[in-house]
Amino acid sequence: MSSKPDSTSLSALLRMRSNQRLVEKFGSDSISNIVKALTTTSHIHHNYVFLDARRVITIDEDAIKDGAVVWHVSEEKFMEIFKEEEAKLGDARDSILCHFIITGYVAINTEGVAVTLKRDGSDYSAAIMGKILRANSISIWTDVDGVLSADPRRVPLANVLPEVSYDEAMELAYFGAKVIHPKTMQPALSCDPQIPIYIKNTFNTRSPGTRIFTNATT
């Protein structure tokens, strides 16, 4: 007796995966729309645009296990959207700053199907867009003050490191630090010049956080 699934089973599985992806993106969509609504009512000379990341971030799922960003396609898509939004401002575009509020965690594959960026996908989204925008820096907002010198559960006197190199951050992540995933650093690392990443605390905005860059002193 064959153990291979029939076409009906495959169709059901594909629908289930599609529905799961649809549900998973709702949180990011909702938050992005709420932020856009709040910012639009409080800033006159700024134009805030909601942008579904699936319109920009394109993933080749066949490239590697977790997919690889198709950079030239993603960059071209964003530039088209930017030009459209700039054109809407007309003559006012020189006096109004355009800001994009972009969903995290979701993307689209080369077949046009919605996908997720899996573990730490929202942070990864920020890093991807940072590279596309050639940003001066990338800020990752989390629930700690930055990268700690040791696990505070084991070392009560562990302190926040003001700066660490990419290599040091990679090593910390390898040994279990959960502040930043190695894949989040890859877009910033591959830029020229490289983009510094700041680890900040959502619940303690006054904390300077940790700066991650080429080396700990530059």
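This section describes the sheets, helix packing and selected loop residues of a predicted model.

The protein has 218 residues, of which 35% are buried. Its secondary structure comprises 6 helices and 10 strands. Among the contacts with a sequence separation of 6 or more, 63% join residues that are 24 or more positions apart.

One open sheet is built from 4 strands in the order 3-2-5-6, and its pairing is mixed. Strand 3 (68-69) and strand 6 (114-116) occupy the edges, each with a single partner strand, so one side of each has no neighbour in the sheet. The pairing of strand 2 (residues 58-60) with strand 3 is antiparallel and rests on 2 bridges. Within this pairing, aspartate 60 is found opposite alanine 68 of strand 3. Helix 3 (residues 71-89) lies across strand 2, strand 3 and strand 5 (106-109), and its direction makes an angle of about 165° with strand 2.

The loop that follows helix 3 and leads to strand 4 (97-102) contains alanine 92. With a relative accessible area of 27%, alanine 92 is classed as partly exposed, because the value falls between the 20% limit for buried residues and the 50% limit for exposed ones. Alanine 92 is separated from histidine 45 by 47 residues in sequence, while their C-alpha atoms are 9.5 Å apart in space.

A second region of interest is the pairing of two helices. Helix 4 (residues 121-132) packs against helix 6 (residues 182-189) at an angle of about 5°, with 8 Å between the axes. The two helices are therefore roughly parallel. On the side of helix 4, the contact involves Asp123, Tyr124, Ala127, Ile128 and Lys131, which meet Lys183, Thr184 and Pro187 of helix 6. By character, the residues of this contact comprise 4 nonpolar, 1 polar and 3 charged.

Histidine 181 is located in the loop between helix 5 (166-174) and helix 6. Its relative accessibility is 19%, so histidine 181 counts as buried, the limit being under 20%. A polar atom of the histidine 181 side chain lies 3.1 Å from the backbone nitrogen of lysine 183, and lysine 183 is also one of the helix 6 residues that meet helix 4. When residues up to four places away in sequence are not counted, histidine 181 touches Arg119 and Asp120.

Another open sheet of 4 strands follows the order 7-9-10-8, with mixed pairing. Its edges are formed by strand 7 and strand 8 (163-165), each of which pairs on one side only. On average, neighbouring strands of this sheet are turned by 25° against each other, direction ignored.

At one edge, strand 7 (residues 138-142) pairs with strand 9 (residues 197-201) in the parallel sense over 5 bridges. Isoleucine 138 has isoleucine 197 of strand 9 as its bridge partner. The side chains of strand 7 alternate along its length: Ile138, Ile140 and Thr142 are buried and point to one face, whereas Ser139 and Trp141 point to the other face and are not buried. Isoleucine 138 thus combines a buried side chain with a bridge to strand 9.

At the other edge, strand 8 is joined to strand 10 (residues 210-213) by parallel pairing over 3 bridges. Here the bridge partner of glutamate 163 is arginine 211 in strand 10. Helix 5 lies across strand 8, strand 9 and strand 10, and runs at about 85° to strand 8.

Notes
Residues are numbered from 1 along each chain as its sequence is written. This is a predicted model: local features need pLDDT of at least 70, side-chain atom pairs count only at pLDDT 80 or more; totals for chains, interfaces and linings use all residues. Side-chain values use heavy atoms; hydrogens and water are left out. Two strands pair if DSSP finds at least two bridges between them. Contact means heavy atoms within 4.5 Å. Axes are lines fitted to C-alpha atoms, for helices over the stretch in contact, and angles run from 0 to 180 degrees between N-to-C directions. Angles under 35 degrees count as roughly parallel, over 145 as roughly antiparallel, 65 to 115 as roughly perpendicular and the rest as oblique. Ala, Val, Leu, Ile, Met, Phe, Trp, Tyr, Cys and Pro count as nonpolar, Asp, Glu, Lys and Arg as charged, and the others, Gly among them, as polar. Buried means under 20% relative accessible area, exposed over 50%, partly exposed in between (1.4 Å probe, protein chains only). A polar contact is a pair of N or O atoms within 3.5 Å; within protein, one must be able to donate a hydrogen and the other to accept it, and residues adjacent in sequence count only if both atoms are side-chain atoms.
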